[in-house]
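Q: Please take one part of this model and go through it closely. Then show how it connects to what lies around it.

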Amino acid sequence: MPSAARDEPLPTGEALARLIGPETVRRFSDELSSLGYEGGPVAVAVSGGPDSTALLLLAAAAAGGMIEAATVDHGLRPGSAAEAAQVSRLCGRLGVRHATLSVTIPKMRGGLQAGARMARYSALQEWCKTRWLLVAHHRDDVAETLLMRLARGSGVHGLARMRQRWRYEPDDITVLRPLLAWSKADLLGICARAGIETIRDPSNMDERFDRTAARSVLAKAPWLDPKRLYRSATNLAEAEIALEWLAERCWGERAVVHGGEGEIEIDAVGLPHETKRRLVERVMRRFAGHDPDRQVETLIAMLERGEYAMLGDVQAIPGRVWRFRRAPPRRPG
């Protein structure tokens with residue numbers, strides 16, 4: 001059971017800002033503003049670990065009584081419900097409304113962590129009633145992700161720094177990552193100054209998971225500085241923007257859409273491979289309505305050899321101009 005001291009109310013607003021550091025809270029407020037936050041109620045995803053707890057404290061200091069919080073209980077460990085209750089008590093001490101969201105994790109090709117992530121964001125999206133949802137990814141997370149994706153052979157898109165904001169439609173919810181430039185040490189310091197004990201997730205020590213293995217590599221190799229890896233991921237994000245700009249321009253100049261997207265032609269002659277791939281991915285998204293899979297590379301290779309190709313129910317026809325159209329339905333029998 002928590003002690004009386006751990007149950008007594010915590011300061012909020014300016015008093016909390018003085019406790020964790022006015023300059024720290026000002027830095028956080030500036031980050032929010034730079035991401036387009038215009039004031040008003042915000043929602044915070046809080047697991048109870050040091051990262052999300054620091055985010056909760058910063059939001060409580062910056063936004064006062066205009067925040068609500070949620071903890072997703074994945075049900076993967078016996079103590080998960082108790083941990084969610086611990087977060088609820090902390091929110092009560094801060095005067096923050098809190099909800100616990102129980103989820104069922106779907107089976108996915110990416111494994112347990114990919115399924116947990118999908119379940120978590122689906123639950124948060126359904127719960128969130130504000131325009132802004134804050135999540136606690138930070139600079140060390142960016143460095144870990146970069147290492148993981150390098151190991152998988154990812155291209156520029158995969159290696160680019162995770163987005164600082166994105167929007168869920170049609171719910172009009174904007175997800176913000178205001179801590180991306182903050183270090184793990186920064187966030188631990190905030191929790192320490194507030195006197196908050198945070199939760200340690202045992203899965204964070206399990207090196208069967210790619211992220212934990214990447215974290216271990218960083219800890220054992222001081223020359224892999226997370227700050228520099230963050231800078232590299234940021235540079236790759238800028239390169240991704242430039243490549244998308246070029247693909248958009250080439251789409252306007254090299255793509256022809258016939259008959260309400262009955263057929264799409266792409267003039268890929270002389271284009272760099274990366275631009276060809278992005279144009280073909282756009283074609284597939286138009287026909288399939290979702291991001292294409294890795295077989296796009298195989299399809300492009302077949303077209304370049306002058307071979308007909310199929311991806312899903314889309315026909316790709318080679319020639320000087322590549323033509324794409326939906327395959328006619330198969331006749332029964």
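A: In this predicted model, an open sheet of 6 strands runs in the order β3-β2-β1-β4-β6-β5. Its pairing is mixed. Helices (H or I, at least four residues) and strands (E, at least two) are DSSP runs, numbered from the N terminus. Two strands pair if DSSP finds at least two bridges between them.

Start at the edges. They are β3 (97-102) and β5 (165-168). Each of these strands pairs on one side only. From one strand to its neighbour, the average turn is 25 degrees, with direction ignored. Axes are lines fitted to C-alpha atoms, for helices over the stretch in contact, and angles run from 0 to 180 degrees between N-to-C directions.

At the β3 edge, the partner is β2 (residues 67-73). The two strands pair in the parallel sense, over 6 bridges. To find the register, look at A70: its bridge partner in β3 is A99.

Now go to the other end of the order. Strand β6 covers residues 173-176. On one side, β4 joins β6 through 3 bridges in the parallel sense. W132 has T174 of β6 as its bridge partner. The pairing of β5 with β6 is antiparallel and uses 4 bridges. There, R165 is bridged to L176 of β6. The parallel link to β4 and the antiparallel link to β5 are both part of the mixed pairing of this sheet.

The side chains of β6 are worth a check. In a regular strand the side chains alternate between the two faces of the sheet. I173 and V175 point one way, and T174 and L176 point the other way. All of these β6 residues are buried (under 20% relative accessible area, with over 50% called exposed and partly exposed in between; 1.4 Å probe, protein chains only).

Next, follow the chain out of β4 (132-134). The loop between β4 and α7 (139-151) holds H138. Its relative accessibility is 3%, so H138 counts as buried. What surrounds this histidine? Leaving aside neighbours within four places in sequence, H138 is in contact (heavy atoms within 4.5 Å) with D51, L179, L180, W182, K184 and L187.

One of those partners, L187, leads into helix α9 (residues 184-194). L187 is buried in α9, along with G189, I190, C191 and A194. These buried residues pack against α2 (13-20), α3 (22-34) and α4 (50-63). Just after α9, G195 takes a positive phi of about 70 degrees.

Two of the helices that α9 packs on also meet each other. The axes of α2 and α3 lie 6 Å apart, and the packing angle is about 115 degrees. These helices are therefore roughly perpendicular (65 to 115 degrees; under 35 is roughly parallel, over 145 roughly antiparallel, the rest oblique). From α2, the contact uses A17, R18 and I20. From α3, it uses P22, T24 and V25.

The chain has a second sheet to set beside this one. This open sheet has 5 strands in the order β7-β8-β11-β10-β9, and its pairing is antiparallel. β7 (255-258) and β9 (309-311) are its edge strands, each pairing on one side only. The twist averages 20 degrees from one strand to the next. Between β7 and β8 (residues 263-266) there are 4 bridges, and the strands run antiparallel. A255 has I266 of β8 as its bridge partner.

Helix α12 (residues 273-288) packs on this second sheet. It touches β7, β8, β9, β10 (314-317) and β11 (322-326). Its direction makes about 20 degrees with that of β11. α12 also meets α13 (residues 295-304), with axes that come within 10 Å and cross at roughly 110 degrees. That angle makes α12 roughly perpendicular to α13. On the α12 side, the contact is made by H273, K276, R277, V280, E281 and M284. On the α13 side, it is made by V296, E297, L299, I300 and E304.

Last, the whole chain. It holds 13 helices and 11 strands. The C-alpha trace spans about 75 × 50 × 40 Å along its principal axes. Of its 333 residues, 46% are buried. Among contacts between residues at least 6 apart in sequence, 67% join residues at least 24 apart.

Residues are numbered from 1 along each chain as its sequence is written, and side-chain values use heavy atoms, without hydrogens or water. Local features need pLDDT of at least 70 and side-chain atom pairs count only at pLDDT 80 or more, while totals for chains, interfaces and linings use all residues.
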